[in-house]
Amino acid sequence: MSPRVAVLAGGISHERDVSRRSGRRVADALREAGCEVVVLDVDAGLIPSLRAEAPDVVWPVLHGAVGEDGSIRDVLELLGLPYVGTRPTACRRAWDKPVAAATVEQAGLAVPPGIALPHALFRDLGAPVVLEAALERFGLPLVVKPSRGGSALGMSIVREAGDLARAVVECFAYGETAVLQHFVAGTEVAVSVLDLDGSPRALPAVEIVADGGSYDYTARYTAGAVEFFSPARLDEATADRLARAAERAHEALGLRHLSRIDFIVGEDGTPWFLEANVAPGMTETSLLPQGAVAAGLDLEDLYRRVVDAALSPVVAGVADVTEVAAVAAS
Amino acid sequence: MSQSQRPANPSAAEAAAAAGAVAAAAAGAPLGAGRAAVGTRLDPWLSSYAERTRSMTASEIRALFAVANRPEVVSLAGGMPYLPALPLDVIAGIAQRLIAERGAVALQYGSGQGEEVLREQIVQVMREQQIHASPEDVVVTTGSQQALDLVARVFLDPGDVVVAEAPSYVGALNVFRSYQADVVHVPLDADGLQPQALEEALVALEAAGRRAKFLYTVPNHHNPAGVTLSAARRPQVLEVARRHGLLVLEDDPYALLGFDGDPLPAMRSLDADGVIHLGSFSKTLAPGFRLGWAVAPHAVREKLVMAAEASVLCPTSFGQLAVAEYLSTYDWKGQVKTFRELYRERRDATLQALATHLPMTTWTQPKGGFYVWVTLPEGLDATAMLPRAVTARVAYVPGTAFYADDQGRQHLRLSYCFPTAERIQEGVRRLAGVVQAELETQAMFGTPLHGHPHLHHGSGDAPGPELA
């Protein structure tokens with residue numbers, strides 16, 4: 001029997017466009033793999049559509065905002081629909097970059113030193129002194145990024161002190177909290193993790209060499225602007241260490257089915273955790289599909305296995321709802 | 001092309017690397033370790049592209065427009081005419097009769113210059129602007145956008161100069177960019193392009209040993225600036241152009257959409273030999289027909305026809321005959337009046353909302369067309385502010401889209417053609433909150449927010465045509 005899959009794509013985040021492209025790719029592959037697929041946007045029609053379609057499984061391919069902060073998955077649990085990917089509480093943990101960093105650091109991973117600064121704090125303390133203190137502590141270059149969100153939107157690498165204020169202001173255009181983080185020099189890699197049978201397994205790391213040196217939005221979504229090495233050009237021991245670090249991050253954050261963990265590999269081989277993605281990009285230029293191809297996996301077959309894993313009865317849906325209710329009540 | 005002729009084949013290399021990874025996994029080694037360094041750019045044809053594709057990249061700003069068609073968002077960004085105001089039943093009847101009675105002609109190839117019956121009617125339409133032309137002078141095109149492309153194709157070599165208003169229509173800038181031309185901007189004010197500034201720009205170009213190929217101008221209800229070239233300035237601009245041997249490309253889709261009386265005489269009406277005039281049915285009827293036109297001096301017209309045949313063979317026969325039938329059987333002038341009244345009401349709502357909610361900004365006073373051009377308080381950057389606006393559920397086009405260089409950060413374009421007056425008021429109210437928050441942030445950081453440390457964005461970053 002071919003499962004009926006509802007792919008959720010679009011939404012009303014800054015990453016709507018990327019999400020639609022990812023969603024179409026996933027839907028096409030699943031159709032080729034023999035699934036019946038509908039693609040649904042997240043709007044007032046979603047719940048009626050989900051009730052009418054009654055899919056066997058839902059695959060949220062939503063980037064940003066409700067797609068990654070757990071809330072849409074809360075709704076899926078409420079409706080009792082099995083779905084692909086991480087459950088709501090763990091989504092919240094991964095989505096908030098400072099919380100994710102603290103969690104994986106406790107699990108023993110290296111995390112670049114940084115600080116999360118809410119907009120209101122600058123107002124209360126005065127921006128110049130806060131920025132000065134951050135510069136003193138972390139030095140240049142400094143990475144500035146919104147505490148939530150993906151596709152490098154609002155992200156800058158600040159190389160001159162005079163550019164810091166502007167970078168922070170632009171970051172605030174995307175969210176209320178800015179993360180200022182020490183810039184670690186090294187090799188930029190993304191490690192996707194598959195977790196379909198209870199034991200997370202890292203796919204080959206994909207190494208990113210962006211033409212301008214910055215893997216920004218334009219570099220991410222313009223075919224040809226980035227050279228990828230897949231697998232990454234790392235020695236065996238370093239690649240192994242990186243793979244284990246990604247699996248540990250996936251487990252420490254409580255992620256499910258599939259995730260992508262981004263790192264910088266320092267010159268001494270240390271994998272520095274940057275962030276975790278519960279809804280990794282699935283476009284033509286995205287990293288998870290590249291990692292899967294490098295592992296010799298067929299994407300249609302892989303996505304079908306992901307759907308099957310989401311359908312498996314091992315997953316119960318009650319504990320997390322209770323947990324969320326407790327959080328909401330506290 | 002056979003496989004062996006391909007310049008590079010990363011997919012085969014990828015497959016080989018992948019096979020290696022699988023073998024390593026089977027042997028118990030970590031996935032991905034110790035493989036040969038094979039890079040891919042995910043596009044095997046990268047080394048084959050023409051130089052002119054260099055600017056065709058993904059853009060953070062353009063991606064933000066993807067949310068603007070959502071009903072929760074008030075879009076003041078797009079330029080879609082308000083088609084619910086059309087007599088759709090009448091047009092349906094015309095289309096039905098056309099296929100039933102003349103289908104074998106309407107669905108056949110036509111002349112590259114366009115159907116004569118339509119060219120005759122275009123000549124009548126242009127009389128409204130005191131243009132006296134012969135149907136022989138008219139080339140029908142696939143929207144006036146194609147006429148822009150044809151003119152650029154006929155006149156521009158890489159590195160040639162086009163003089164254009166500051167700001168300028170983004171769709172024209174994109175055409176000029178694709179022919180690798182350099183755009184030199186000349187400022188405009190409430191009365192349109194400044195003749196003296198044009199003179200100075202041409203003198204400066206000549207001093208630098210460069211000659212502009214043509215002046216690109218939108219004289220009526222300018223997109224994006226919302227201003228009109230005054231009657232007094234029209235002959236002045238033409239005089240400057242004549243003195244410097246400069247051809248004028250008059251792009252005029254909004255001429256009949258003025259809110260106060262008859263349209264001014266077109267520049268083409270003042271100088272038939274020095275002006276290429278472009279018109280369009282996209283705003284007076286419907287853009288879905290994709291029909292516009294060029295009226296050009298005869299030698300230029302011949303080149304345009306040959307370029308058009310190379311490009312599309314001929315414009316849509318069905319569309320041309322349908323529009324010709326509509327013009328001859330329906331009160332099309334009455335319909336344009338309906339549009340004018342609708343857009344005037346929305347213009348009024350926009351200006352009133354700006355006065356109520358955004359007194360800290362300044363704006364132009366459009367007397368027709370679709371757009372108002374807003375100038376933000378000193379130091380604010382409309383491009384950097386756009387994500388905040390999208391979060392607040394309102395969209396506009398940042399001013400940087402309308403310049404070929406790095407100008408325009410302090411400006412934004414609001415369009416009032418598609419949303420209702422109530423939606424416009426709500427959108428401007430939301431925008432006011434965004435501007436206020438941005439001002440507070442600026443005050444907090446005590447620094448002008450102009451300039452962008454990391455993005456190469458701006459020019460050409462406008463929404464696609466399908467955006468409300």
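**Group meeting: the interfaces of chains A and B**

Good morning. Across the interface of chain B and chain A, 3 salt bridges are found. One of them joins the side chains of R41(B) and E227(A), with a nitrogen-to-oxygen distance of 3.9 Å. Please keep in mind that everything I present today comes from a predicted model.

Let me stay with the interface of the two chains. The contact involves 50 residues of chain B and 62 residues of chain A. Interface size is often expressed as the accessible area lost when the parts come together. For chain B and chain A the buried area is about 4600 Å², and 63% of it lies on carbon and sulfur atoms. On the chain B side, R41(B), R70(B) and F445(B) provide 16% of the area buried against chain A, more than any other three residues. R41(B) therefore appears twice in this account, since the salt-bridge rule of 4 Å between nitrogen and carboxyl oxygen also admits its pair with E227(A).

The polar component is broader than the salt bridges: 13 residue pairs are in polar contact across the interface of chain B and chain A, counting pairs with both residues at pLDDT 80 or more. Which elements of chain B each supply at least two residues of the side that touches chain A? They are α1 (10–26), β1 (39–40), α2 (60–64), α13 (382–391) and α14 (421–445). Of these, α13(B) makes the largest contribution, with 5 residues. Sorted by class, the side of chain B that touches chain A comprises 27 nonpolar, 14 polar and 9 charged residues.

The two chains also meet through strand pairing. Strands of a sheet pair through backbone hydrogen bonds, in either a parallel or an antiparallel sense. Here, strand β11 of chain A, residues 226–229, is antiparallel to β1(B), with 2 bridges between them. Within this pairing, F229(A) has G39(B) as its bridge partner.

I turn now to chain A itself. Its division is into domain 1 (4–85), domain 2 (93–110 + 185–278) and domain 3 (114–182). The centres of domain 1 and domain 2 of chain A, taken over C-alpha atoms, are 24 Å apart. Their contact draws on 12 residues of domain 1 of chain A and 8 residues of domain 2 of chain A. Together these domains bury about 910 Å², with 56% of that on carbon and sulfur atoms. In domain 1 of chain A, the greatest losses of area to domain 2 fall on V18(A), E68(A) and G85(A), which together account for 50% of what that side buries.

How many salt bridges are counted between domain 1 and domain 2 of chain A? The count is 0. There are, however, 3 residue pairs in polar contact, both residues being at pLDDT 80 or more. Helix α1 of chain A, residues 16–32, gives the largest share of the domain 1 side, namely 3 residues. That side consists of 5 nonpolar, 2 polar and 5 charged residues.

Two strand pairings in chain A share β7(A). Strand β4 of chain A (residues 114–118) is joined to β7 (residues 177–182) by 5 bridges, running antiparallel, and G114(A) faces Q181(A) there. Strand β5 of chain A (residues 142–146) is likewise antiparallel to β7(A), again over 5 bridges. In that second pairing, K145(A) is partnered by V179(A).

Finally, chain B. It is divided into domain 1 (3–85 + 335–456) and domain 2 (88–329). Each domain of chain B gives 30 residues to the contact. The area buried between them is about 2600 Å², 64% of it on carbon and sulfur atoms. K367(B), Y371(B) and F402(B) supply 19% of the area that domain 1 of chain B buries against domain 2, more than any other three residues. Between these domains of chain B the rule finds 0 salt bridges, but 9 residue pairs in polar contact at pLDDT 80 or more for both. On the domain 1 side, α12 (332–357) and β12 (371–375) of chain B are the elements giving two or more residues. The largest share, 7 residues, belongs to α12(B).

Chain B also holds an open sheet of 8 strands with mixed pairing, in the order β3-β10-β9-β8-β7-β4-β5-β6. Its edge strands are β3 (138–142) and β6 (192–193) of chain B. At one end, β3(B) runs antiparallel to β10 of chain B (residues 291–295) over 5 bridges, where V139(B) is opposite A294(B). Thank you for your attention.

Technical notes: Residues are numbered from 1 along each chain as its sequence is written. Chains are lettered from A and ligands numbered from 1 in the order in which they are written. This is a predicted model: local features need pLDDT of at least 70, side-chain atom pairs count only at pLDDT 80 or more; totals for chains, interfaces and linings use all residues. Side-chain values use heavy atoms; hydrogens and water are left out. Domain bounds come from an automatic or database domain assignment. Contact means heavy atoms within 4.5 Å. Buried area is the accessible area (1.4 Å probe) that two parts lose on being put together, summed over both. A polar contact is a pair of N or O atoms within 3.5 Å; within protein, one must be able to donate a hydrogen and the other to accept it, and residues adjacent in sequence count only if both atoms are side-chain atoms. Helices (H or I, at least four residues) and strands (E, at least two) are DSSP runs, numbered from the N terminus. Ala, Val, Leu, Ile, Met, Phe, Trp, Tyr, Cys and Pro count as nonpolar, Asp, Glu, Lys and Arg as charged, and the others, Gly among them, as polar. Two strands pair if DSSP finds at least two bridges between them.
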